[in-house]
Amino acid sequence: MRTLPGAGPAGPRRYERGWSDRALRKRLERARRSDWDFTRGRIFGSLCTEPAPAGRAWIDPFRNANLGNPGLCPGSSLLQEELVEELLTLYHAPREGAGGWLVSGATEANVTALWTFRNLTGGREVVLPRSAHFSFVKALDLLGLEARWVRVDAAGRMDVRQARRAIGRRTAALVGLAGSTELGAVDPLEELSELALRTGVPLHVDAAIGGFFLPFLPEEERRRLPFDFSLPGVRSLASDPHKLGRAPIPSGVLLFRNLEETRAIEVPSPYLSDPRSRGLLGTRPSFAVASTFAALRSAGWEGLREQTRRLRGLVERLLEGGKRLGLEPVTDPRLNVVAFRHPDPRVLQAELLERGWDVSLVQEPRALRLVLMPHARRSTVEGLLRELARALARHPRGRGGEEGRINPEKPPDRGSARRSGRGSSGRRSAAG
Ligand SMILES: Cc1ncc(COP(=O)(O)O)c(C=O)c1O
């Protein structure tokens, strides 16, 4: 029997004999039941949500098609083209030269954008705000690039003056956020765009959160928060249909002002129908394109406008309710993320978790982070506020001391749901 070094004694050969459908169903239903469920509306710590029914319906019919070999799935390829075209229009890309493709999410989009600009410019450094998502840390590591981290202000927005000083001859790209992960802050992208144009450095905008929120704000507010190709310095943009677009996971999109620039990452793929490949992945699920197409097409931009209006109403209610409980918001939220300062937010998080509510944390300043996603309802926001009142009554100032310190290395125990990566031998899957 094969054993891995350091893995301990191998378990019984549980995979030797095939299981019956009944046994499979029993095992998988048990796993499914211990996963959290968005439909209960109690998840306020995640940027994912319950996918739109129209999107879910098209997963199965497209399950076998592989977009990595587009010649074999011309139908799915056309859907992708149409979707990309619509998104380019939504994000004010120029009529000529712009393009992009669907990816698995903003992580892949951010890695691919930096890969493109590294190869295109020969630069070795990336200028990015401290608030940038950890996917950039992965990208830098993979690509052998160095970070020039830029501080953010009290509202969580990148300091443009420091960014200007950080740009130099070795800069491969400048990164700005249309919605930071912790606070939903939108960087001063107009100024960053000017800076990018003046220095000739490509500006990549990570709009994983804002991409399906900002375009649907009332006209006047939308104009005050430009984030897309309407800013001439923006060369690429990541947006995530599987967040506020309510597409099933995995669905991200990566767009370029000038698609030709992605030649910088092109490699030969001679055995496939398209003899050149530009993305990170080989085999790619067509169902992601079909179900994203269905989710967005069934809602329409009018549906997303309505969703944005509803979520903003919930943000207002949460802010008002939190303030009544004596909580101070960290920022005046622009998007769907609300953060309340507390000396010991971890203890509040633990209390809420115990009672079946998922919330998350901001590291600096210490705060409780609450994300309003489409599965949130007025009734669940009221329920959360009631639970919060209870938790605050027990821990008005937190427990303080070591116990209260936020330790990102030690996330809260979410019970069996989060232990699902552990097998009985004690070995773990990489993400478990
Ligand atoms: C701003 C931002 N960028 C990138 C990502 C990564 O997205 P994904 O996990 O879909 O790859 C996230 C995830 O929450 C995010 O908040």
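**Group meeting: a walk along the strands**

Okay, let's jump right in with one pair of residues: Leu237 has Leu255 in S7 as its bridge partner. Keep in mind as we go that what you're looking at is a predicted model.

So where does that pair sit? Leu237 and Leu255 belong to the pairing of S6 with strand S7, residues 252-256. S6 and S7 run antiparallel, with 4 bridges between them.

Now look at S6 on its own, residues 234-239. Is S6 mostly covered or hardly covered? Mostly covered: 6 of its 6 residues are buried.

S6 has another partner too, and that's strand S5, residues 203-207. Here the sense is parallel, over 5 bridges. If you want a spot to click on, try Leu203, which stands opposite Val234 in S6. And how does the chain get from S5 to S6? There's helix H8, residues 219-224, and together S5, H8 and S6 make a right-handed β-α-β unit.

Let's keep stepping across. S5 also pairs with S4, again in the parallel sense, this time over 4 bridges. Gly176 is the residue to find there, opposite Val205 in S5. You'll recognise the next bit: S4, helix H7 (residues 189-199) and S5 form a right-handed β-α-β unit.

S4 itself covers residues 171-177, and 7 of its 7 residues are buried, so put it down as mostly covered. On to strand S2, residues 125-129, which runs parallel to S4 and is joined to it by 3 bridges. The pair to look for is Glu125 opposite Thr171 in S4.

One general thing while we're on strands: in a regular strand, side chains alternate between the two faces of the sheet.

Right, for contrast, go to helix H1, residues 21-34. How many of its 14 residues are buried? The count is 0, and H1 is hardly covered. We can do a little check on its length as well. At 1.5 Å a residue, the 14 residues of H1 should span 20 Å, and the C-alpha atoms at its ends are 20 Å apart, so the two agree.

Last stop, the ligand. Which residues are closest to the ligand? Those are Gly105, Ala106, Thr107, His133 and Ala208, out of 14 residues that surround it. Sort that shell by class and you get 7 polar, 5 nonpolar and 2 charged residues.

That's my tour, thanks for listening!

Methods: Residues numbered from 1 in each chain as written. Predicted model: local features only at pLDDT ≥ 70, side-chain atom pairs only at ≥ 80, totals over all residues. Near = placed C-beta within 6 Å. Nonpolar A, V, L, I, M, F, W, Y, C, P; charged D, E, K, R; others polar. Buried ≥ 20, exposed ≤ 12 C-beta atoms within 10 Å, placed from the backbone. Helix = DSSP H or I, 4+ residues; strand = E, 2+ residues; numbered from the N terminus. Pairing = 2+ DSSP bridges. Right-handed = clockwise from strand over helix to strand, strands pointing away. Expected span 1.5 Å × (residues − 1).
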